[in-house]
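Biologist: I'd like a close look at the salt bridges in this one. Could you walk me through them, and then put them in the setting of the whole fold?

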Amino acid sequence: MYRSIRHIDVIIARSFLELMIYFVTSVLLLFVLFFFNIYANLENIHIVLFCWVTLFIFSFGVALIMMVIGYYGGEVSKIITIFFTILYFTSGIVYPIHIIPEPYFSYLLYNPFIHNIELIRHAFAPNYPAYHIDIIYFLKWMFAVNFLGLLLYKFAERDMIRSK
């Protein structure tokens with residue numbers, strides 16, 4: 001890497017690129033839905049934007065943690081791939097979470113992504129059930145992950161700069 005560019009700069013640039021790609025894709029999807037006379041409720045667009053920004057900040061912290069683990073870990077990345085696959089399927093992105101039966105439903109609510117995704121769904125469709133959403137829980141995870149990510153990055157920054 002160049003001396004003036006640090007590893008965190010790459011993470012910041014990549015995160016903003018992903019944010020812009022997802023934003024443009026979402027706007028295009030809304031236009032396509034509008035073309036086919038399927039209307040999304042845009043009254044709560046500020047909530048959707050808030051959720052996107054908090055998800056962006058959360059993913060930034062995760063990226064910092066993964067960068068440090070990838071630098072020191074090596075083979076740990078295979079376990080992390082399995083962990084993120086489980087996290088993805090339990091996050092409620094593929095299916096609405098309220099269709100899960102009660103004994104399992106309460107366990108799935110430990111996944112912080114569920115609260116963000118469900119709030120986005122509720123913002124686009126106000127009739128969507130939102131009795132289980134706790135965005136404060138997601139925000140606590142977001143701050144904790146970013147704190148841990150920045151702490152790990154600060155700890156490993158000199159080692160990563162020295163090795164080429």
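Modeller: Let's start with R6, which counts as partly exposed because its relative accessibility is 39%. Bear in mind that this is a predicted model. R6 forms a salt bridge with E157, and their closest N and O atoms are 2.5 Å apart. R6 sits in the segment before α1 (7-35) while E157 belongs to helix α6 (residues 135-162), so this pair ties together parts that are 151 residues apart in sequence. On the α6 side, E157 has a relative accessibility of 9%, so it counts as buried. There's a third partner to mention too: R6, K154 and E157 are linked in a network of salt bridges.

As for the general idea, side chains of opposite charge can pair when their charged atoms come close.

The structure holds five salt bridges, and a couple of others are worth a look. Take R14 and E18: their closest N and O atoms lie 2.8 Å apart, and they form a salt bridge. These two are four residues apart in helix α1, so about one helical turn separates them. E18 has a relative accessible area of 23%, which means partly exposed, since buried requires under 20%.

Then there's E118 with R121, a salt bridge with 2.9 Å between the closest N and O atoms. Both are in helix α5 (residues 112-124), three residues apart, so again the separation is about one helical turn. E118 is buried, with a relative accessible area of 0%, whereas R121 is partly exposed at 22%.

Now for the setting. The protein has six helices and zero strands. Of its 164 residues, buried ones make up 30%. If you take the contacts with a separation of 6 or more, 71% are between residues 24 or more positions apart. Looking at charge overall, there are 10 positive and 9 negative charges, and their mean positions are 15 Å apart.

One polar contact without a salt bridge label is also handy for comparison. T54, in helix α2 (residues 45-73), counts as buried at 4% relative accessibility. The T54 side chain makes a polar contact with the side chain of N116, at 3.2 Å. Beyond its neighbours within four places in sequence, T54 also touches F138, L139 and M142. With M142, the C-alpha atoms are separated by 7.3 Å, although the two residues are 88 apart along the chain.

Technical notes:
Residues numbered from 1 in each chain as written. Predicted model: local features only at pLDDT ≥ 70, side-chain atom pairs only at ≥ 80, totals over all residues. Heavy atoms only, no water. Buried < 20%, exposed > 50% of the residue type's maximum accessible area, 1.4 Å probe, protein only. Contact = heavy atoms within 4.5 Å. Lys, Arg positive; Asp, Glu negative; His and termini not counted. Charge placed at Lys NZ, Arg CZ, Asp CG, Glu CD. Polar contact = N/O pair within 3.5 Å; in protein donor to acceptor, adjacent residues only side chain to side chain. Salt bridge = Lys/Arg side-chain N within 4 Å of Asp/Glu carboxyl O.
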